[in-house]
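Student: Hey, I have a protein open on my screen and I'd like to talk it through with someone. Can you help me look around?

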Amino acid sequence: MTTQWSTVAKPQFGPWLIQQVESRQYEGLYMMSPDTFRIPWKHNARRNLEDEDVKIFKEWAIVSGKIKENPANKAKWKTNFRCALEGQKMFKKIADNSKDQDKPHKVYCIISPQGTQNAEPIQNPIFIPQIYADQTSQNMEQDLYNPMETMCINQQDPVPQILDTLPSPQNGYPVSGAQFLQNNTPLPVQPPYTTAYQHNLPSFCNLEITINYRKTEVSKTVLDSHLVQFHYQCNPSEVRGHPIPFPSIEKLIDHKQIYYTQRLLDSIQRGLLLEVNQYGIYGFRQDMCNVFVCTSDPSEIQNPEPQKLRQNIREQLFSFEKYISDLREFKGNRRGSPDYTIYLCFGEKLPDGKPLQKKLIVVKVVPLICRELHARAQLDGASSLQNDNVSLQISHNSLYELINSLGPPSMDI
């Protein structure tokens, strides 16, 4: 980095910028993957604007010779930098988060190392950050570094034609339900909450959500919502459901874990939408940060094959119909205990034969009605589902039918 105003020849902006990004000498300026990087972009009118926020803009003013014309004009430094950035063919802007309240920034993709016209983006999703030189044990270093070798936080999938409308908080459902739901599946007009509550059953939207950063549980909550959004750097106007922001890294102790977890969190913006209806639980990945899903204990899976959620595609994560079918088989002693926990791993493959405790960010989602029905099935050796005066004979094909079949509870008058 230049330390004084010199008269050396003006460098080419593209290679110069890449050199600065890779130097890690600027706060908020770094590679997010081999072909994408972020630039801090705080507005000059912000009261909390500091010298570090404009450091990269000033550096370009120095090496380009513009600093002599505007020795103290931060706005001019930024304008000159933006003009140089937009005037070359080496980079393409893929995200503008400059209005973010906490961490305003922009994300750019390297479309050609030499600035060649019509070049395709580099298609290498492997992200290998530098190892911090600290006093952490060698075993911890290996544990943290190995998963990062295959971390995919900015792999771009072929983006299909985006749905006309994304979910809206209105009534907890998408504004255009038929467009958001595949196969034109109708939305329930009246969720069977009343019947479920009368029989001491959770609603099918009652979820227990736990977030772990490796072995550390950083968040646990129980909520009742048809739509949940996991996010980190999301503009409040883009939240489409009950917000679950990823917690900060303040509970973490190990320096390497802090570093890598923060790098991964910085790649998450709008994150993942989780939708619940009477048919099942669905995921909608909105960012380039890859999300992998598993619906059984990853450590018990033989020959694991990672399942990645596609970007801008609504995919079923859990089927209530299949769960009821499996529970019926379990009740008849014809199969083992059915799984009902959803594991969402951000940025790392899952399942891949490695324990969950070594994954940087894992979200665990438990539909509480499935847990309750499973507990009742285990009573008397899974031979019945008797509970007081309620008999839940599993002869139905869906959770919706099962709950509605209960009818009004019997009352002692």
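Student: Among contacts between residues at least 6 apart in sequence, what share joins residues at least 24 apart?
Tutor: Happy to help! One thing to keep in mind is that this is a predicted model. As for your question, 65% of those contacts join residues at least 24 apart in the sequence.

Student: OK, and what is the secondary structure made of?
Tutor: There are 10 helices and 16 strands in the protein.

Student: How much of the protein is buried?
Tutor: Of its 413 residues, 51% count as buried. The accessible surface comes to about 20,400 Å², and carbon and sulfur atoms account for 46% of that.

Student: Let's do sheets. What is the strand order in the open sheet of 4 strands?
Tutor: The order is S1-S2-S4-S3, and the pairing is antiparallel. Strands S1 (30–33) and S3 (91–97) are the edge strands, each pairing on one side only. From one strand to the next, the twist averages 30°.

Student: What holds strands together in a sheet, in general?
Tutor: Strands of a sheet pair through backbone hydrogen bonds, in either a parallel or an antiparallel way.

Student: So how many bridges join S2 to S4 here?
Tutor: Strand S2 (residues 36–40) and strand S4 (residues 105–110) are joined by 5 bridges and run antiparallel. To find them on your screen, look for Ile 39 opposite Lys 106 in S4, and for Arg 38 opposite Val 107 in S4.

Student: And what about S1 and S2, how many bridges join them?
Tutor: S1 and S2 are joined by 3 bridges, again running antiparallel. There, Met 31 stands opposite Phe 37 in S2.

Student: Is S2 mostly covered or mostly open?
Tutor: S2 is mostly covered, with 5 of its 5 residues buried. Thr 36, Arg 38 and Pro 40 are on one side, Phe 37 and Ile 39 are on the other, and all of them are buried.

Student: Why do the residues of a strand split between two sides like that?
Tutor: Side chains alternate between the two faces of the sheet in a regular strand.

Student: Cool. Which strands are in the open sheet of 5 strands?
Tutor: That sheet has the order S6-S5-S14-S13-S11, with antiparallel pairing. Strand S6 (216–224) and strand S11 (291–294) are at the edges with a single partner strand each, so one side of each has no neighbour in the sheet. The twist there averages 20° from one strand to the next.

Student: How many bridges pair S5 with S6?
Tutor: Strand S5 (residues 206–213) pairs with S6 over 8 bridges, in the antiparallel sense. As an example, Asn 206 has Asp 224 in S6 as its bridge partner. Helix H9 (residues 368–378) packs on this sheet and touches S5, S6 and strand S14 (362–367). The direction of H9 makes about 55° with that of S14.

Student: Switching to helices. Why is H7 described as largely enclosed?
Tutor: Helix H7 (residues 255–265) has 9 of its 11 residues buried, so the rest of the structure largely encloses it. Among the buried ones are Lys 256, Tyr 259, Tyr 260 and Arg 263.

Student: What happens at the start of H7?
Tutor: A side-chain oxygen of Asp 254 comes to within 3.0 Å of the backbone nitrogen of Lys 256.

Student: I like aromatic rings. How many aromatic pairs does the structure hold?
Tutor: It holds 16 aromatic pairs. In one of them, the rings of Trp 41 and Phe 57 have centres 5.3 Å apart and planes at 75°, so the pair is edge-to-face. Trp 41 is in the loop between S2 and helix H2 (55–64), while Phe 57 is in helix H2, 16 residues apart.

Student: Are those two buried or exposed?
Tutor: Both are buried: Trp 41 has a relative accessibility of 6%, and Phe 57 has a relative accessible area of 0%. The cut-off for buried is under 20%.

Student: Which residues form an aromatic cluster with them?
Tutor: The cluster is made up of Phe 13, Trp 16, Trp 41, Phe 57, Trp 60 and Phe 81.

Student: Last one: where is Leu 327 found?
Tutor: Leu 327 is in helix H8 (residues 320–331), and it is buried, with a relative accessible area of 0%. Leu 327 and Leu 373 are 46 residues apart in sequence, and their C-alpha atoms are 8.4 Å apart in space.

Terms used:
Residues numbered from 1 in each chain as written. Predicted model: local features only at pLDDT ≥ 70, side-chain atom pairs only at ≥ 80, totals over all residues. Heavy atoms only, no water. Helix = DSSP H or I, 4+ residues; strand = E, 2+ residues; numbered from the N terminus. Buried < 20%, exposed > 50% of the residue type's maximum accessible area, 1.4 Å probe, protein only. Contact = heavy atoms within 4.5 Å. Areas by Shrake-Rupley, 256 points an atom, 1.4 Å probe, with all protein chains shown as cover. Polar contact = N/O pair within 3.5 Å; in protein donor to acceptor, adjacent residues only side chain to side chain. Pairing = 2+ DSSP bridges. Axes fitted to C-alpha atoms, helices over the stretch in contact; angles between N-to-C directions. Phe/Tyr/Trp six-rings, centres within 6.5 Å; stacked < 30°, edge-to-face > 60°.
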